[in-house]
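Visitor: I am new to this structure and would like a close look at one part of it. Please pick a spot to start from, and lead me on to whatever is worth seeing along the way.

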Amino acid sequence: MAVGDPEAFTLYGWIVCVWVLIVSFQYGFHISSLNQISGVLTCHKTEPGLPPTYYGLPTCIAMDDAKFSVLTSIYTVGGLLGSLGANVVMDRWGRKGACLASAFVMAVGAGFMGVAASLSPLIIGRLLTGIAAGLGLCVGPIYISEIAPVKIKGAVGVLTQFAIVVGIMITQAMGLQLATPRTWRLVLLFSSALSLTQLLSGPIIVESPVWLNRHGLLRDKDASARRLWKGSHVVHSPDVSSEDAEDPLLGTDEESRSLNPNPRAEAHEAAANVPQVLLRREFRKPLAIVCFSMLCQQLSGVNAVLYYSNNILSKALPDLGPYVSLGITIVNFFMTAAPIFLIDRLGRKKLLSLSATGAIVSLLAVGFGLDSAEVVLASTAIITFIASFAIGIGPVPFVMIPEVSPPQAVSALSSVGLSLNWIANFLVGLVFLPLRDFLSGGDVDKEGRVFYVFAALLSFFTFMLFGLYRG
């Protein structure tokens with residue numbers, strides 16, 4: 001750690017940290033916001049004698065499975081759009097400005113959904129929440145990394161994934177209680193109110209000192225640092241805060257210098273845009289690391305496993321069917337908490353190694369369990385997969401992006417990486433069922449074969465990542 005580096009947050013610093021994490025929470029919240037309320041939302045579950053409207057709004061919005069699939073998947077389209085434009089917003093308006101933009105769009109989108117009387121405003125609102133989530137998922141890890149004291153940078157970085165998991169857990173818990181024709185809208189209006197609160201509290205939040213320094217706002221940078229960090233009176237110019245904490249993760253000192261030969265000069269370079277990070281030689285290695293880490297995360301098949309989890313675990317625990325998703329999320333919650341304490345002790349790469357190994361073995365066990373009708377084995381393997389994913393593959397890539405990225409390219413690399421994440425997420429959802437049916441040949445006893453494909457993909461991209469990453 002460099003002399004003068006801050007070692008701890010002030011109380012105000014922690015408040016700013018929590019404020020930033022709201023954008024990650026909202027991403028997780030809307031991943032599952034429709035899951036528990038889908039039955040009442042689509043009019044598939046009704047109450048006898050219920051009037052068609054409640055407070056002037058319909059108690060449900062009739063739609064078939066195809067329309068509901070469009071409503072669900074449009075979130076991914078919005079997320080990709082938000083991620084593609086995130087670097088422009090972050091570099092032009094700052095990290096705080098990008099968070100406020102995400103909060104504004106989220107408040108409008110969730111509000112639209114909460115008061116929708118037909119399918120069209122529901123879809124528009126869902127698209128807007130996706131755009132907000134895409135932008136927030138890009139800016140959140142960068143903002144957190146730039147304000148985090150060096151000594152706890154890894155632990156604080158893991159909080160991004162932790163906030164996502166908390167968002168998923170909260171929306172599922174709310175859905176269990178509010179999935180009625182009269183109250184399902186409250187799930188969506190809660191999200192809108194939370195983003196509105198984030199917007200209104202924006203004036204008391206400081207901008208990232210790193211962004212302020214890069215734009216030559218040195219007085220504002222010093223004021224921000226004093227409020228965020230204990231001992232910040234000894235901090236010199238933080239324009240090279242990445243020199244000690246970030247460059248080693250790209251490899252040896254020689255490799256780091258070749259990628260980032262003059263960090264002090266780069267602190268005031270113009271920000272790189274997406275075409276530049278895709279084409280310029282000096283960005284190839286961090287670009288590859290960011291892309292492989294995102295592909296490890298999505299092509300692990302986590303969404304496919306979660307798709308199957310309800311079906312499999314409901315068979316093993318038939319009396320607890322409605323609580324299966326919540327139970328899996330609780331496992332995810334506790335296992336995601338572990339890296340907060342382990343990431344700076346074990347290191348990023350070791351945590352990823354343990355996580356990937358456990359996930360690959362679990363995927364093979366899920367496939368074998370499904371193919372051999374071993375429900376207990378498949379159920380146990382699902383739990384171990386979620387636990388393995390949560391300790392490394394889930395949180396660590398969000399920590400890695402700002403750490404391996406040169407200062408002038410962090411926004412653009414984040415935009416590229418998270419856009420790839422959304423694309424991979426969409427493609428897995430698109431091909432999963434056709435691939436499962438093709439590999440099984442229509443035999444329900446062979447539906448586990450698709451998980452062998454995910455095990456192979458995860459193995460390949462983990463191997464490629466570890467060939468470049470020295471974390």
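Guide: Let us start at C43, which counts as partly exposed because its relative accessibility is 24%, between the cut-offs of 20% and 50%. Please keep in mind that this is a predicted model. C43 sits in the loop that runs between α2 (38-41) and β2 (53-54). Its phi is positive, near 75 degrees, although the residue is not a glycine. A373 is another non-glycine residue with a positive phi, here near 60 degrees. You will find A373 in the loop between α17 and α18 (375-393). With a relative accessible area of 59%, A373 is exposed, since that value is over 50%.

From these loops, let us step to the helices. K67 belongs to helix α3, which covers residues 65-84. The relative accessibility of K67 is 43%, so this lysine counts as partly exposed. Look across from K67 to L119: the two are 52 residues apart in sequence, yet their C-alpha atoms are 8.6 Å apart in space.

Now for α4, residues 86-114, where the numbers tell a small story. A straight helix of its 29 residues would reach 42 Å at 1.5 Å a residue, but the end C-alpha atoms of α4 are only 26 Å apart. Look along the helix to W93, and you will see a kink of about 120 degrees centred there. Of the 29 residues in α4, 21 are buried, so the helix is largely enclosed by the rest of the structure.

Helix α6 makes a good companion to α4. The 26 residues of α6, 153-178, should span 38 Å at 1.5 Å a residue, and the distance between the end C-alpha atoms agrees, at 38 Å. Even so, α6 has a kink of about 30 degrees, with T160 at its centre. This helix is also largely enclosed by the rest of the structure, because 22 of its 26 residues are buried.

T160 takes us on to the inner spaces, for it helps to line the largest cavity. How many cavities of 30 Å³ or more are there? The count comes to two. The largest holds about 50 Å³ of space. Besides T160, its lining includes P141, I144, S145, K153 and G157, together with F398, V399, P402 and E403. Helices α5 (119-147), α6 and α19 (396-404) each give at least two residues to this lining. Of these, α19 has the largest share, with four residues. By class, the lining is made up of five nonpolar, three polar and two charged residues.

One of those lining residues deserves a pause: E403, in helix α19. Is E403 buried or exposed? E403 is buried, because its relative accessible area is 2%, under the 20% cut-off. Its side chain is joined to that of R348 by a polar contact of 2.4 Å.

The second largest cavity is next on our way, with a volume of about 40 Å³. Two helices, α17 (348-371) and α21 (449-466), each give two or more residues to its lining. The residues around this cavity are C296, L352, A356, I393, T462, L465 and F466. The most come from α21, which supplies three. Six of the lining residues are nonpolar and one is polar, with no charged residue among them.

We can finish at helix α20, residues 410-440. Its 31 residues reach 43 Å from the first C-alpha to the last, close to the 45 Å expected at 1.5 Å a residue. α20 does bend, by about 40 degrees at F432, and the proline P434 follows within four residues. After the helix comes G441, whose phi is positive, near 60 degrees.

If you would like to go back over one pair, compare α4 with α6. The ends of α4 fall short of the 42 Å of a straight helix, with its kink at W93 of about 120 degrees, whereas the span of α6 agrees with what is expected, with a kink of about 30 degrees at T160.

Terms used:
Residues numbered from 1 in each chain as written. Predicted model: local features only at pLDDT ≥ 70, side-chain atom pairs only at ≥ 80, totals over all residues. Heavy atoms only, no water. Expected span 1.5 Å × (residues − 1). Bend = angle between axes of the 7 residues up to and from the residue. Buried < 20%, exposed > 50% of the residue type's maximum accessible area, 1.4 Å probe, protein only. 1 Å grid on protein atoms, 1.4 Å probe; cavity = no way out; pocket = protein on both sides within 12 Å on 5 of 7 lines; lining within 4 Å. Points joined across faces, edges and corners; volume = space filled by probe spheres on them. Nonpolar A, V, L, I, M, F, W, Y, C, P; charged D, E, K, R; others polar. Polar contact = N/O pair within 3.5 Å; in protein donor to acceptor, adjacent residues only side chain to side chain.
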